[in-house]
Amino acid sequence: MSEAVKTEPRIAVCSRSFSRNKVLREELLQRCGNVRFNDEGVNLQGENLADFISGCEMAIIGLEVVNRQLLDRLPELKVISKYGVGLDMIDFDAMRAHGVRFGWTGGVNRRSVAELVIAFAIVMLRQVSRANQELLGGKWIQPIGGCITGRTVGIIGCGHVGKDLVSLLRAFDCVILAHDIRDYSDFYADNGVEPVGLDSLLGRSDIVTLHVPLDSSTRGILSAERLAIMRPTSILINTARGGLVDEQALKEMLQDGRLVGAASDVFSVEPPEDSELIKLPNFFGTPHIGGSSEEAILAMG
């Protein structure tokens, strides 16, 4: 009898940025020729996502939602690989129930996100966005801002991105506070970071930046009550997940002058539905680009 011919695994690449990247495409095709890419650039959700993955044994996902309803429709699926770092879109109980394995590497986009935090801080402190808008409107106004150097920065979550951000902030001689449920005492001691409680961090920081995953323990971690602890002169930066912050409370504080500014790369609903928030002059938003540097795309892929 002749030996059975092994067919290559069928892979569905749901991620749009992975699908667009020539290097990642070529490398994957060299390893596994039978690949379905998201060449249409579609935001795959629900039935569209199920149809796209249907018939495949493996899937590479970005921000797509993986739940029980999806997996019920994909009996041939054996492996899901996460392109990126956030895991809040994935129902792991459902994956275990369906016998689907999971591949993921943490921290691969940490420098890309950390640099965006620095960019946000400078944009807000120097009023770069306001100056640009005034210039586009034909006005020559020179707003007086402040430097990041010497500021007190509070990092909520000192994992991969938080630690990388610490290394960048040292160049600006910042006072660095950190809050995390994990014990990073050796790292704190080696890098001059002061571990503090969350309320203390919020009350002392000129810049508060979020770097925790979104789960049941962190959802709404910056509630209206917690946001109220921040000083009116401080700035909030969120490059983690939108569900961490009470966006309605944040909007009201920015409108009332109880917070000087905020910058966010993430929103509770994406694209964001609150046009009032994103149009505020003291709010700066971007469309979830934290991991969208060329270097991070290759590292994640």
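**Note on the strands and helices of the model**

1. An open sheet of five strands, with parallel pairing, follows the order β2-β1-β3-β4-β5. Its edge strands, each of which pairs on one side only, are β2 (35–37) and β5 (101–103), and neighbouring strands of this sheet are turned against each other by 20 degrees on average, direction ignored. Please keep in mind that this is a predicted model.

2. Within that sheet, strand β1 (residues 11–13) runs parallel to β2 and is joined to it by three bridges; I11 has V35 of β2 as its bridge partner. As general background, the strands of a sheet pair through backbone hydrogen bonds, in either a parallel or an antiparallel manner.

3. Two helices lie across β1, β2 and β3 (58–61), and their directions may be read against β2. Helix α2 (residues 22–31) lies across these strands and runs at about 160 degrees to β2, while helix α3 (residues 46–53), which also lies across β1, β2 and β3, runs at about 150 degrees to β2.

4. Further along the chain, strand β6 (residues 152–156) and strand β7 (residues 175–179) run parallel and are joined by five bridges, with I156 standing opposite H179 in β7. Together with helix α8 (residues 160–169), β6 and β7 make a right-handed β-α-β unit.

5. Strand β7 also pairs with strand β8 (residues 193–195), in the parallel sense and over three bridges, and here V193 in β8 is the bridge partner of I176. Between β7 and β8 the chain passes through helix α9 (residues 185–191), in a β-α-β crossover that is right-handed.

How values were computed
Residues are numbered from 1 along each chain as its sequence is written. This is a predicted model: local features need pLDDT of at least 70, side-chain atom pairs count only at pLDDT 80 or more; totals for chains, interfaces and linings use all residues. Side-chain values use heavy atoms; hydrogens and water are left out. Two strands pair if DSSP finds at least two bridges between them. Helices (H or I, at least four residues) and strands (E, at least two) are DSSP runs, numbered from the N terminus. Axes are lines fitted to C-alpha atoms, for helices over the stretch in contact, and angles run from 0 to 180 degrees between N-to-C directions. Contact means heavy atoms within 4.5 Å. A crossover is right-handed if, with the strands pointing away from the viewer, the path from the first strand over the helix to the second runs clockwise.
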